[in-house]
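Me: I should like to learn how to read the features of a model such as this one, taking the surface, the core and the charged pairs in turn. Please begin with a single residue and build outward.

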Amino acid sequence: MSAREEILQRVRTALADVPAGEDQHPIDWDYGRTVGTGDLGPVDRFAERVADYRAQVWRCAPAGLAEAVHAALGPHAAMPAGSGLDADGTAEPSGVLGDAVVRDLVVGPIPWLGDDALTPYELDAAAAVVTTATVAIANTGTIVLDHGPGQGRRAVTLVPDVHVCIVRADQIVDDVPAAVARLRETGAHLRPLTWISGPSATSDIELDRVEGVHGPRTLEVIIVD
């Protein structure tokens, strides 16, 4: 008997005394219904939840986006290159990653670094990455990337130590069902998705928190409303 068969047999045995065909406890399940965000609007709830994750939250009007990005980058843009070396013994380039869409959104003297298939060492040496987002979830403080224009390939948002993410207010929905519906409406669900809830962090059995294990140690979220 396989493990699957053994489990099913145990279930059948446990249900042996249940009358056949009897409707025990019907569950009224209405997936996709509007959940809401309580006493705060979606944008304020999202900002609150993102901050709970120990991410830095910035809010600005569209006209102030460039200034907000500069402020969020702060000292990050001046970080030195990492300790790794290229095959020829030279240090990897350091700068701020951002594709053409992001560069058009943000003007000013930022040391942009083009992602021309950079190696993991070179990505690790990048001071920071600036991206846009696809959708954001207010109740969970989650940002979803589909790695289309403005977001770069997946490694770009996982390897650098600092991620500055630009989220428009109209991209923020109340909860996960609405986010999934939005992804399906736009066809983004067919792309590889990255779901981000705060800076990368984990805890050991003694609850000692370590950040930057599986992604950026620092998350700066700019809400444009």
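Reply: The model is a predicted one. Let us begin with Val18, which is partly exposed, its relative accessible area being 36%. Val18 is found in the loop between α1 and α2 (42–52).

Me: With which residues does Val18 form a nonpolar patch on the surface?

Reply: The patch consists of Ile7, Val11, Leu15 and Val18, and together these residues have about 340 Å² of accessible area.

Me: How should I read the interior, and which residues of the largest nonpolar core touch the most other members?

Reply: The general idea is that in soluble globular proteins, nonpolar side chains tend to be buried together. Here the largest nonpolar core has 18 residues, and those that touch the most other members are Val69, Leu73, Val130 and Ile222. At least two residues of this core come from each of α3 (65–73), β4 (128–131), β7 (162–168) and β12 (218–224). The helix α3 gives the most, with six residues.

Me: Which residues are in contact with Leu73, once its neighbours within four places in sequence are left aside?

Reply: Leu73 is then in contact with Val96, Ile110, Ala128, Val130 and Val164. There is also a second, separate core, made of 17 residues, and Ala55, Ala138, Ile196 and Leu219 are among them.

Me: Is His163 buried or exposed, and where is its place?

Reply: His163 has its place in strand β7. Because its relative accessibility is 1%, His163 counts as buried. Residues up to four places away in sequence not being counted, His163 touches Val129, Thr131, Leu145, Thr157, Ile196, Pro216, Thr218, Leu219 and Glu220.

Me: How is a helix to be read in these terms, and which residues of α6 are buried?

Reply: A useful approach is to ask which residues are buried and then how they are placed around the axis. In helix α6 (residues 176–186), the buried residues include Pro177, Ala179 and Leu183. These residues cover an arc of only 160° around the axis, so they lie on the same side of α6.

Me: Against which strands do the buried residues of α6 pack?

Reply: They pack against β5 (135–137), β6 (142–145), β8 (172–173) and β9 (194–196). Just after α6 comes Gly187, which takes a positive phi of about 80°.

Me: Which residues other than glycine have a positive phi?

Reply: Two examples may be set side by side. Arg54 has a phi near 70° and lies in the loop between α2 and β1 (56–60). His147 has a phi near 60° and has its place in the loop between β6 and β7. Their surroundings can be read from accessibility: Arg54 is exposed, with a relative accessible area of 58%, whereas His147 is buried, with a relative accessible area of 10%.

Me: Let us turn to charged side chains. How many salt bridges does the structure hold?

Reply: The general idea is that side chains of opposite charge can pair when their charged atoms come close. The structure holds ten salt bridges. In one of them, Arg10 pairs with Glu6, and their closest N and O atoms are 2.8 Å apart.

Me: Where do Arg10 and Glu6 lie, and is each exposed or partly exposed?

Reply: Both lie in helix α1 (residues 3–14), four residues apart, which is about one turn of the helix. Arg10 is exposed, its relative accessible area being 60%, while Glu6 counts as partly exposed at 35% relative accessibility.

Me: How does the salt bridge of Asp39 and Arg45 read?

Reply: The side chains of Asp39 and Arg45 meet at 2.8 Å, N to O. Asp39 is exposed, with a relative accessible area of 70%, whereas Arg45 counts as buried at 8% relative accessibility. This pair belongs to a network of salt bridges that links Asp39, Arg45, Glu48 and Arg49.

Me: With which residue does Arg168 form a salt bridge?

Reply: Its partner is Asp170, and the closest N and O atoms of the two are 2.9 Å apart. Arg168 counts as partly exposed at 43% relative accessibility, and Asp170 counts as partly exposed at 49%.

Technical notes:
Residues numbered from 1 in each chain as written. Heavy atoms only, no water. Core = buried A, V, L, I, M, F, W, Y, C linked by side-chain atoms within 4.5 Å. Buried < 20%, exposed > 50% of the residue type's maximum accessible area, 1.4 Å probe, protein only. Contact = heavy atoms within 4.5 Å. Salt bridge = Lys/Arg side-chain N within 4 Å of Asp/Glu carboxyl O. Arc of directions from axis to C-beta. Patch = residues over 30% accessible without salt bridge, like charges linked within 9 Å, V, L, I, M, F, W, Y side chains within 5 Å. Areas by Shrake-Rupley, 256 points an atom, 1.4 Å probe, with all protein chains shown as cover.
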